[in-house]
Amino acid sequence: MNGEARQAVILAGGQGTRLRPLTFGRPKPVVPLLNRPFLAYQLALLREHGITDVILSCSYRVDDVRGALGDGGAFGMQLRYVVEASPLGTGGGVRNAADLTRGTIVVLNGDVLTDADLSAMRSFHEASGSRTTIFLIRSDNPRAYGLVRTGHDGRLQQFLEKPTADEEITTDTINAGIYLIDADLLARIPTDRPVSIEREFFPRLIADGIPSFGWLASPYWRDIGSPTAYLEAHVDLLDGRARMPLAPPGDHEAGNWLGRGVKIDARAVIEPPSLLGDDVTLGADCHVGPHAVLGNCVTIGTRARVQRTVLWERVQVGAGAVLRGCVVAADTKVGVHAELGPGVVLEAGAVVPERTRLPR
């Protein structure tokens, strides 16, 4: 990526309310995605495009985020943390990092999984003379996102956050949560109150005639903010739909990824694509996959079935249990012959009695 600065700010301060109950015990930026902290994927993308100085704007369970990501050395970059004493909104979160920024910075929402070509976005930003550029994608469901209308040259004309009326939907291009912003513009964001970058900062730039453009592209993109989207992100990665610079962990064997110390009974079946973390144990005649992701130290009992399901660390699945389309947080115990169906999401430490059926 050309230009003066190679910096990014990641907005990682949200409480992840849409992702509850998974985020009761773990902040959204570091929920596991294929057994890695989610932000590891954003950091890998940034590093691929030459950005190695990253500022995390945090407010919720900051120690957990810091414990999972450290100083960035494991990711080949420098991580610094700015902490909000109280939530400042998306604009305030960026403003809170302003003293550490220079040049043109990349800003990412902390719940976006994408393989976007940030270097191409930067080239567009520079060639168009833009001061702020918003990454845009087309959506079949524009009501759920902020609509952005642009001119034929890409200049921003209108920013409409999550429209409700049909007549408000005048475009299918949405704000995809990645921005290039000239750092000196951050001084325009007030410091004494929460500010929305979508509802206040960008519309004011448009109104004041500051060169602001939208960059339309069609990479892989997913907002992982809900349990359903979070599960689908795992499926997408296992299927190779995203060209991520971070491979799944473990050894790749027969379409599956296997961690260290796995213990697999000779009669167990692993149907690809699936991923098993370190020290996973599979009992006799169990069937795992396709699209099963098992965290470290998970135990699957005899004749159990786990399909299209994400299990966090140390989950115990009893004999004969069936899990399909679920997300189960750490240290949960699923009783023998229990059945968990699509859409079931269990918080950490849950106990499912034997022969329970969810949803009922």
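# Salt bridges, a helix face and unpaired cysteines

Asp111 is buried, with a relative accessible area of 12%. This is a predicted model, and Asp111 is a good place to enter it.

**Charged pairs**

What does the side chain of Asp111 meet in a salt bridge? The partner is Lys28, at 3.1 Å from N to O. Asp111 sits in the loop between β6 (104-109) and β7 (112-114), while Lys28 sits in the loop between β1 (7-12) and β2 (32-33). The two are 83 residues apart in sequence, so their salt bridge ties together distant parts of the sequence. Lys28 counts as buried, at 12% relative accessibility. The structure holds 21 salt bridges by count.

A second pair is Arg260 with Asp278, whose side chains meet at 2.9 Å, N to O. Arg260 belongs to the loop between β15 (256-258) and β16 (263-264). Asp278 belongs to the loop between β18 (275-276) and β19 (281-282). Are these two residues buried or exposed? Arg260 is exposed, at 63% relative accessibility. Asp278 is buried, at 18% relative accessible area.

A third pair links two strands. Glu339 in β29 (residues 339-340) and Arg357 in β32 (residues 357-358) are 18 residues apart in sequence, so this pair ties those strands together. Their side chains meet in a salt bridge at 3.6 Å, N to O. Glu339 is partly exposed, at 35% relative accessibility. Arg357 is exposed, at 54%.

Which residues do salt bridges with shared partners join into one network? They are Arg18, Lys28, Asp111 and Asp223. The opening pair, Asp111 and Lys28, thus appears again here.

The three pairs side by side:

| Salt bridge | N to O distance | Apart in sequence |
|---|---|---|
| Asp111 and Lys28 | 3.1 Å | 83 residues |
| Arg260 and Asp278 | 2.9 Å | 18 residues |
| Glu339 and Arg357 | 3.6 Å | 18 residues |

**Helix α2**

Now to a helix. Which residues of α2 (residues 62-69) are buried? They are Val62, Val65 and Leu69. These three span an arc of only 65° around the axis, which means they lie on the same side of α2. The spacing fits a general rule. An α-helix has 3.6 residues a turn, so residues three or four places apart point the same way.

The other side of α2 carries exposed residues, Asp63 and Gly67. What covers the buried residues? The cover includes the strands β3 (36-37), β4 (53-58) and β5 (78-83), along with helix α1 (39-48). Just after α2 comes Gly70, with a positive phi of about 60°.

**Cysteines**

How many disulfides does the structure hold? The count is 0. Cys297 is in no disulfide, and the nearest cysteine sulfur, in Cys286, is 16 Å away. Cys297 is partly exposed, at 37% relative accessible area.

Why does Cys326 have no bond to its closest cysteine? The closest cysteine sulfur, again in Cys286, is 16 Å from that of Cys326, which is too far for a bond. The cut-off for a disulfide is 2.5 Å between sulfur atoms. Cys326 is buried, with a relative accessible area of 0%.

Conventions
Residues numbered from 1 in each chain as written. Predicted model: local features only at pLDDT ≥ 70, side-chain atom pairs only at ≥ 80, totals over all residues. Heavy atoms only, no water. Buried < 20%, exposed > 50% of the residue type's maximum accessible area, 1.4 Å probe, protein only. Salt bridge = Lys/Arg side-chain N within 4 Å of Asp/Glu carboxyl O. Helix = DSSP H or I, 4+ residues; strand = E, 2+ residues; numbered from the N terminus. Arc of directions from axis to C-beta. Contact = heavy atoms within 4.5 Å.
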